[in-house]
Amino acid sequence: MVDIPSITAAITGLKTAAEIAKAMKGLHDLADVQTKVIELQSAILHAQTSALAAHSDQFTMIQKLHELETEVRQVRAWEETKQRYQLITPCPGCHLYALKESHKNTDPAHWICPHCYEEGRRSLLLVSGDHNRRAVQIIKCPHCEFSHETTSESETEPKYA
């Protein structure tokens with residue numbers, strides 16, 4: 001949004017300065033000239049202040065525009081990435097996102113965290129080995145608190161959906 005009041009004030013200040021300069025042309029008394037010079041300097045200062053305020057507002061708007069453009073690019077990129085995954089249940093009570101079969105040529109099979117997925121982030125899940133000498137594996141997200149224990153009978157290797 002353009003700061004119309006600042007721009008208007010700057011233009012008004014410049015018009016006032018021009019009028020004062022014209023009025024000074026016909027003055028012959030030194031005191032009157034000095035008074036008009038002070039008025040002229042004040043009008044110019046006001047115009048400069050208004051112009052700087054408008055410039056500052058414009059700079060802030062340009063920065064915000066760049067931030068919004070970056071955010072839109074990130075949202076669009078995430079929307080494209082999301083389309084590569086589908087929700088699966090590799091074991092009871094465990095819901096993950098797996099790379100779709102149609103993308104197996106571009107990436108190796110992997111799972112991503114369902115919580116991070118909902119937050120707009122692709123976080124690959126880690127599968128650890130046996131835990132305390134039981135046939136248990138742990139699926140864990142390195143970025144959030146998501147964790148799920150599975151037994152050796154469960155599917156613990158990512159497969160294409």
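## A strand tucked inside

A residue counts as buried when its relative accessible area is under 20%. Keep that cut-off in mind for this predicted model, starting with strand β5, which covers residues 136-140. Four of its five residues are buried, so β5 is largely enclosed by the rest of the structure.

## Who β5 pairs with

Let's look at the partners. On one hand there is strand β4 (residues 126-127), which runs antiparallel to β5 and pairs with it over two bridges. One contact to look up in the viewer: V127 has I139 of β5 as its bridge partner.

Then there is strand β6, residues 147-151. The pairing of β5 with β6 is antiparallel too, and it spans five bridges. Here V136 sits opposite T151 of β6. Together β5 and β6 make a hairpin, with six residues between the two strands. As background, side chains in a regular strand alternate between the two faces of the sheet.

## The aromatic cluster

Now for the rings. Searching the whole structure turns up two aromatic pairs. In one of them, the ring centres of W78 and Y117 are 5.5 Å apart; the planes meet at 65°, so this pair is edge-to-face. W78 belongs to helix α2 and Y117 to helix α3 (residues 114-118), so the pair ties together parts of the chain that are 39 residues apart in sequence. W78 is buried, at 13% relative accessible area, and Y117 is buried as well, at 10% relative accessibility.

The other pair brings in Y97. Its ring centre lies 3.6 Å from that of Y117 and the planes are at 15°, so these two are stacked. This is another link between distant parts of the chain: Y97 is in strand β2 (residues 94-99) and Y117 is in helix α3, 20 residues apart. Y97 counts as buried too, with a relative accessibility of 10%. Put the ring pairs together and you get a cluster of W78, Y97 and Y117.

## Further along helix α2

Helix α2 spans residues 30-82, and T81 is part of it. Is T81 buried or exposed? Neither, quite: with a relative accessible area of 23%, T81 is partly exposed, since buried would call for under 20%.

T81 also has a contact across the sequence worth finding on screen. Its C-alpha atom is 8.2 Å from that of R122, although the two residues are 41 apart along the chain.

Terms used: Residues numbered from 1 in each chain as written. Predicted model: local features only at pLDDT ≥ 70, side-chain atom pairs only at ≥ 80, totals over all residues. Heavy atoms only, no water. Buried < 20%, exposed > 50% of the residue type's maximum accessible area, 1.4 Å probe, protein only. Pairing = 2+ DSSP bridges. Phe/Tyr/Trp six-rings, centres within 6.5 Å; stacked < 30°, edge-to-face > 60°.
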